[in-house]
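Subject: Structure handover

Hello,

Here is the structure I said I would pass on. My notes on what was found in it follow below.

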Amino acid sequence: MITDGLLMLGVLLGLSCLLIVLERTTGWKFFKFVPGMVLMYLICATLNSLGVFGQAEETRAPIAAVKNVALPAMIFLFLFGCDIRKIIKLGPKLLLTMFVAAASLAVGMVAVYALFQGALHEESWKALGALLGSWTGGSANMVAVQDILQAPENIFGYALITDTIVYSVWLMAMFSSVAVSDRFNRFTKADTSYLDSHAGADLAEEKREITVTSLAIVAFGSIFVSTVAIWIGNQLPVLGDVVNGTAWTILIVSLLGLAVAHTPLGKTAGSMEVGTLMLFIVIGQIASGSDFSALTQAPLYLLIGFLVLLVHAVIMVIYAKLTRTELFSLAVASTANIGGIASAPVVASAFNRQLVPVGILFALIGSFAGTWIGLGAAQLMSML
């Protein structure tokens with residue numbers, strides 16, 4: 001077991017290095033079906049499930065601290081070169097997709113609860129309402145719903161286990177979906193021209209020479225911006241249960257990134273490359289907290305969780321077919337609901353780094369709406 005925090009950080013960085021080198025240099029077809037970032041997630045989650053990583057707070061502290069800085073810095077870098085005017089021109093369809101994603105999760109939760117109600121504790125609707133709060137907003141929404149409804153702690157524990165495990169599997173699925181996006185888009189007959197236009201900007205950036213100066217700007221500069229944003233975010237007031245220091249930090253770096261994108265600084269070479277390195281760190285930290293061994297502790301609640309996502313997926317595919325929506329919108333809207341503000345920009349960047357603002361927008365919407373969606377669904381479940 002690894003109990004040294006710096007050693008654990010070193011292992012995650014070493015795995016990132018190995019997978020990036022293999023993916024970029026070997027030409028193995030395997031990586032077309034299982035990208036390096038998905039392998040990173042699987043390997044780290046498996047190591048944690050096998051007990052390789054220690055659970056003590058001091059062991060987790062270094063990688064958590066690095067991730068806390070890397071995530072805002074990554075979002076800041078991924079916004080370089082992003083033209084917000086093109087995002088605005090995407091229109092109301094994206095917001096409709098986010099609404100359908102949240103509504104499908106609520107419908108799925110109420111329907112599955114009605115199916116299993118007789119086999120559940122009489123107050124299980126409180127815990128499932130809190131779970132839905134997490135899946136349409138984030139962990140803060142989950143805690144808020146639990147505090148309002150006062151769900152029994154033992155039942156709430158099952159919801160926490162379900163949230164962690166099902167979220168881990170779903171996040172991996174969303175990363176993997178990048179590989180089948182073209183086939184899915186052909187199935188729905190989606191118009192992906194705006195994605196192609198954004199991808200063209202990426203090609204233009206790759207032609208610029210990466211130098212020590214450019215690396216200093218994007219690496220050290222982004223870390224500086226991230227740490228300052230974290231400090232400012234922690235000074236700002238907490239508004240309700242969902243607008244906390246982290247939400248303020250993400251908002252600050254997002255606005256700064258969009259502002260820099262319209263200056264010569266936004267054309268600095270290497271932003272995509274350094275941002276990708278940070279992406280692997282963030283994925284590794286998230287995965288190192290996943291524990292697949294808890295599958296045996298709450299089988300019924302886990303079954304409910306996966307069935308809810310099945311209903312969600314079916315509704316989203318039907319919606320995509322009817323409205324000719326591309327997989328990017330579906331995957332990011334789904335991740336913004338189920339994963340929240342820390343995951344949606346990461347999944348968005350896996351599709352197209354210049355569409356990260358869509359993931360941020362989706363996640364911010366969910367962070368405000370999740371508590372009320374969870375409470376509303378809980379009220380419906382209590383009436384069944």
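Helix α17 covers residues 344–351, and eight of its eight residues are buried, so the helix is largely enclosed by the rest of the structure. The buried residues of α17 are Ala-344, Pro-345, Val-346, Val-347, Ala-348, Ser-349, Ala-350 and Phe-351. Please keep in mind throughout that this is a predicted model.

Helix pairs

Two pairs of helices are described here. One pair is helix α6 (residues 93–116) and helix α15 (residues 299–323), whose axes lie 8 Å apart and pack at an angle of about 140°. An angle over 145 degrees would count as roughly antiparallel. α6 and α15 are therefore oblique to each other. Their crossing is right-handed.

The other pair is helix α1 (residues 5–25) with helix α14 (residues 271–287); here the axes come within 10 Å and cross at roughly 125°. This pair, α1 and α14, is therefore oblique as well. Where α1 passes α14, the crossing is right-handed.

Helix α15 also holds Pro-299. Pro-299 counts as exposed because its relative accessibility is 54%, and exposed means over 50%. Along the sequence Pro-299 and Tyr-158 are 141 residues apart, while in space the distance from C-alpha to C-alpha is 9.1 Å.

Other contacts between separate parts of the chain

Three further residues can be read in the same manner, each with its place, its burial and a partner elsewhere in the sequence.

- Ala-159 sits in helix α9 (residues 153–176). With a relative accessible area of 1%, Ala-159 is buried. Its C-alpha atom is separated by 6.6 Å from that of Leu-128, and the two residues are 31 residues apart along the chain.
- Cys-44 belongs to helix α3 (residues 36–49). Its relative accessibility is 0%, so Cys-44 counts as buried. Between the C-alpha atoms of Cys-44 and Leu-15 the separation is 8.7 Å, with their positions 29 residues apart along the chain.
- Gly-54 is in the loop between α3 and α4 (57–78). At 2% relative accessibility, Gly-54 counts as buried too. Gly-54 and Met-8 are 46 residues apart in sequence, and their C-alpha atoms are 8.6 Å apart in space.

The salt bridge

How many salt bridges does a search of the whole structure find? The search finds one. In general, side chains of opposite charge can pair when their charged atoms come close. In this salt bridge the side chains of Lys-126 and Glu-123 meet, at 2.7 Å from N to O. Is Lys-126 buried or exposed? Lys-126 is buried, because its relative accessible area is 13% and the limit for buried is under 20%. Glu-123, at 25% relative accessibility, counts as partly exposed.

A nonpolar patch on the surface

Phe-224, Val-228, Trp-231, Ile-232 and Leu-236 make a nonpolar surface patch of about 470 Å². One of these residues, Trp-231, lies in helix α12 (residues 212–235). Trp-231 counts as exposed because its relative accessibility is 55%. As a general point, an α-helix has 3.6 residues a turn, so residues three or four places apart point the same way.

Backbone angles

Most residues other than glycine have a negative phi. Two residues are listed here for a positive value. Lys-189, which is not a glycine, has a positive phi near 60°. Lys-189 is found in the loop between α10 (181–188) and α11 (193–206). Its relative accessible area is 57%, so Lys-189 is exposed.

The other residue is Arg-324, also not a glycine, with a positive phi of about 55°. Arg-324 lies in the loop between α15 and α16 (327–338).

If you want a place to begin, I would suggest opening the model at α17, whose residues are buried, and then turning to the surface patch that includes Trp-231.

Regards

Key
Residues numbered from 1 in each chain as written. Predicted model: local features only at pLDDT ≥ 70, side-chain atom pairs only at ≥ 80, totals over all residues. Heavy atoms only, no water. Patch = residues over 30% accessible without salt bridge, like charges linked within 9 Å, V, L, I, M, F, W, Y side chains within 5 Å. Areas by Shrake-Rupley, 256 points an atom, 1.4 Å probe, with all protein chains shown as cover. Salt bridge = Lys/Arg side-chain N within 4 Å of Asp/Glu carboxyl O. Helix = DSSP H or I, 4+ residues; strand = E, 2+ residues; numbered from the N terminus. Buried < 20%, exposed > 50% of the residue type's maximum accessible area, 1.4 Å probe, protein only. Axes fitted to C-alpha atoms, helices over the stretch in contact; angles between N-to-C directions. Parallel < 35°, antiparallel > 145°, perpendicular 65-115°, else oblique. Left-handed = near helix turned anticlockwise from the far one by under 90°.
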